[in-house]
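Student: I should like to take a close look at a single part of this protein, namely its nonpolar interior. Would you please describe that part and then show how the surrounding elements are arranged about it?

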Amino acid sequence: MKQQTNIPSMDAWIKEAKSAPNADQVGMYLFHNGVVRGTAKAQVRLGQQDTAPVTGMVFSYDQEKVDAAVEAAYRLEGIYYIKVWLNQGALQVGDDIMYVLVGGDIRPHVVDGLQFLVERLKTQCVTETELH
């Protein structure tokens, strides 16, 4: 698998979001940009200092599970707009893994919505294999 080259424009995403039929209900947008980092997940999350540097990642996802995660996020209170893009294939350090845009009525709802959706994507929808 080769990395996708059709990385979206955040400017275009925001313009599209502000033109959506229910844009008048949105008071805040939050954006997540996941990137391949050079430190291993075991080091960053678990504090293991004896890990080798990451040189890249193989990334894939299950579209049906992604769709289900988005549907679940739309059921959260105050969430009116969601857009997700996921990369795939062999990625290098610094490459974009995912973009997630969430729009909603008030800050607490949007923060919770983004946290919920990114967590669901990372734990239930994608496969990440770090390369060392």
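**The largest nonpolar core and its surroundings**

Tutor: The largest nonpolar core has 24 residues, and those that touch the most other members are F59, V100, V102, L117 and L121. At least two residues of this core come from each of β2 (56–61), α3 (63–74), β3 (79–86), β5 (96–104) and α4 (107–125). The largest share, six residues, is supplied by α4. Please bear in mind that the model is predicted. In soluble globular proteins, nonpolar side chains tend to be buried together.

Let us begin with V102. Leaving aside residues up to four places away in sequence, V102 touches M28, Y29, L30, I79, Y81, I82, V110, G113, L114 and L117. Apart from the largest core lies another core, of seven residues, which includes A17, Y81, W85 and L101.

We may now turn to α4. This helix has 19 residues, and its first and last C-alpha atoms are 26 Å apart, close to the 27 Å expected at 1.5 Å a residue. Its buried residues are H109, V110, G113, L114, L117, V118, L121 and C125. Seen down the axis of α4, these buried residues fall within an arc of 150°, so they line one face of the helix. On the face turned away from this buried side, α4 carries the exposed residues R107, D112, Q115 and T123. The buried residues of α4 are covered by parts that include β1, β2, α3, β3, β5 and β6 (126–131).

Next come the strands. One open sheet has three strands in the order β1-β5-β3, with antiparallel pairing. β1 (28–35) and β3 stand at the edges of this sheet with a single partner strand each, so one side of each is left without a neighbour in the sheet. From one strand to the next, the twist averages 10°. Between β3 and β5, which run antiparallel, there are seven bridges. One residue of interest is Y81, whose bridge partner in β5 is G103. Helix α1 (residues 10–18) packs on this sheet and touches β1, β3 and β5, and the direction of α1 makes about 155° with that of β3. Helix α4 also lies across β1, β3 and β5, where it runs at about 150° to β5.

G103 merits a closer look. This glycine lies in strand β5. G103 counts as buried because its relative accessibility is 0%, and buried means under 20%. G103 touches V26, M28, Y29, G78, I79, Y80, Y81 and V110, not counting residues up to four places away in sequence. G103 and K83 are 20 residues apart in sequence, while their C-alpha atoms are 9.1 Å apart in space.

There is another sheet to consider. This open sheet of three strands has the order β4-β2-β6, again with antiparallel pairing. β4 and β6 are its edge strands, and each pairs on one side only. Direction ignored, neighbouring strands of this sheet are turned by 25° against each other on average. Helix α4 packs on this sheet, touching β2 and β6, and the direction of α4 makes about 75° with that of β6.

The pairings of β2 can be followed residue by residue. Four bridges join β2 to strand β4 (residues 89–92) in the antiparallel sense. Through one of these pairings, F59 has G89 as its bridge partner in β4, and G56 stands opposite Q92 in β4. With β6, β2 pairs in the antiparallel sense over six bridges. Here the bridge partner of V58 is T129 in β6. F59 thus appears both in this pairing with β4 and among the residues that touch the most other members of the largest core.

Finally, let us place this part within the whole. The protein has four helices and six strands, and from the N terminus on its elements run α-β-α-β-α-β-β-β-α-β. Of its 132 residues, 36% count as buried. Among contacts between residues at least 6 apart in sequence, 74% join residues at least 24 apart. Taken along the principal axes, the C-alpha atoms fill a box of roughly 50 × 30 × 25 Å.

Technical notes. Residues numbered from 1 in each chain as written. Predicted model: local features only at pLDDT ≥ 70, side-chain atom pairs only at ≥ 80, totals over all residues. Heavy atoms only, no water. Core = buried A, V, L, I, M, F, W, Y, C linked by side-chain atoms within 4.5 Å. Buried < 20%, exposed > 50% of the residue type's maximum accessible area, 1.4 Å probe, protein only. Contact = heavy atoms within 4.5 Å. Pairing = 2+ DSSP bridges. Axes fitted to C-alpha atoms, helices over the stretch in contact; angles between N-to-C directions. Expected span 1.5 Å × (residues − 1). Arc of directions from axis to C-beta.
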